[in-house]
Amino acid sequence: MTSEEIKAAYTMRDILARYGMHPNRSGFICCPFHKEKTASMKIYQDSYYCFGCGAHGDIFDFICEMEDITFREAFFELGGTYEHKEETFSERMARYHAQKEREMQLKQANALKAQKKLNNDLIDIYRDWHRKSEPFSDTWTDCYNALQYQLYLHEILNEPR
């Protein structure tokens with residue numbers, strides 16, 4: 001849908017109903033953009049105007065102000081779509097490479113997370129066995145050495161990048 005089609009599909013009253021606001025019989029509401037005790041915002045079929053603060057606009061402007069979002073976000077929220085020209089090969093390749101880069105970053109982040117979890121689990125296991133073993137036995141020594149190595153890896157894995 002284009003912005004004109006969206007404006008034809010929604011009235012200001014439809015948009016106000018999304019936020020739980022209902023104009024009085026004269027078509028006024030209390031302005032949500034400034035503090036007031038009496039209704040000073042006039043609601044028209046396709047626009048609004050506040051006589052108190054001067055806020056005015058159409059349905060897109062109202063949603064942008066209410067949710068502190070851009071026109072583009074409001075447009076998509078109301079079901080808008082962009083009709084764009086045929087994509088060139090270089091544009092498709094750029095999008096493809098960007099997508100693959102995001103996937104690679106996500107994969108690396110998940111691998112690092114799994115490696116950190118394994119490291120923490122091994123530290124717990126080696127500490128537990130180190131405490132339970134007889135001091136200076138083979139098991140105690142092996143656990144001590146493995147624990148030191150895992151603590152070293154823990155520092156490397158958790159240093160800021």
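Buried, as used in these legends, means under 20% relative accessible area, with exposed over 50% and partly exposed in between (1.4 Å probe, protein chains only). This is a predicted model, where local features need pLDDT of at least 70 and side-chain atom pairs count only at pLDDT 80 or more, while totals for chains, interfaces and linings use all residues. Residues are numbered from 1 along each chain as its sequence is written, and side-chain values use heavy atoms, leaving out hydrogens and water.

**View 1. Ser133, tucked into a loop.** Ser133 sits between helix 5 (89-132) and helix 6 (138-157); helices are DSSP runs of H or I with at least four residues, strands are E runs of at least two, and both are numbered from the N terminus. Its relative accessibility is 12%, so Ser133 counts as buried. A polar atom of the Ser133 side chain lies 2.6 Å from the backbone oxygen of Trp129. Skip the neighbours within four places in sequence, and Ser133 still touches Thr139 and Trp140 (contact means heavy atoms within 4.5 Å).

**View 2. Ile43 and its surroundings.** Here we're in strand 2 (residues 41-43), home of Ile43. With just 4% relative accessibility, Ile43 counts as buried. Beyond the neighbours within four places in sequence, its contacts are Met12, Leu16, Pro23, Gly27, Ile29 and Tyr48. Asn24 is 19 residues from Ile43 in sequence, and the two C-alpha atoms are 9.6 Å apart.

**View 3. Tyr48 meets Phe62.** The whole structure has 12 aromatic pairs. In one of them, the ring centres of Tyr48 and Phe62 are 5.3 Å apart with planes at 80°, so this pair is edge-to-face. For the cut-offs: rings of Phe, Tyr and Trp (its six-membered ring) pair if their centres lie within 6.5 Å, and planes under 30 degrees apart are stacked, over 60 edge-to-face and the rest tilted. Tyr48 belongs to strand 3 (residues 48-50) and Phe62 to helix 3 (residues 59-67), so the pair ties together parts 14 residues apart in sequence. Both residues are buried, and they form one aromatic cluster with Tyr19 and Phe33.

**View 4. Stepping back to the chain.** Six helices and four strands make up the secondary structure, in the order α-α-β-β-β-β-α-α-α-α. The radius of gyration is 30 Å, well over the 15 Å that the globule rule gives for 161 residues, so the chain is more spread out than a compact globule. That radius is taken over C-alpha atoms, and the rule is 2.2 Å times the number of residues to the power 0.38. The C-alpha trace spans about 90 × 50 × 20 Å along its principal axes, and 23% of the 161 residues count as buried.

Note on methods
A polar contact is a pair of N or O atoms within 3.5 Å; within protein, one must be able to donate a hydrogen and the other to accept it, and residues adjacent in sequence count only if both atoms are side-chain atoms.
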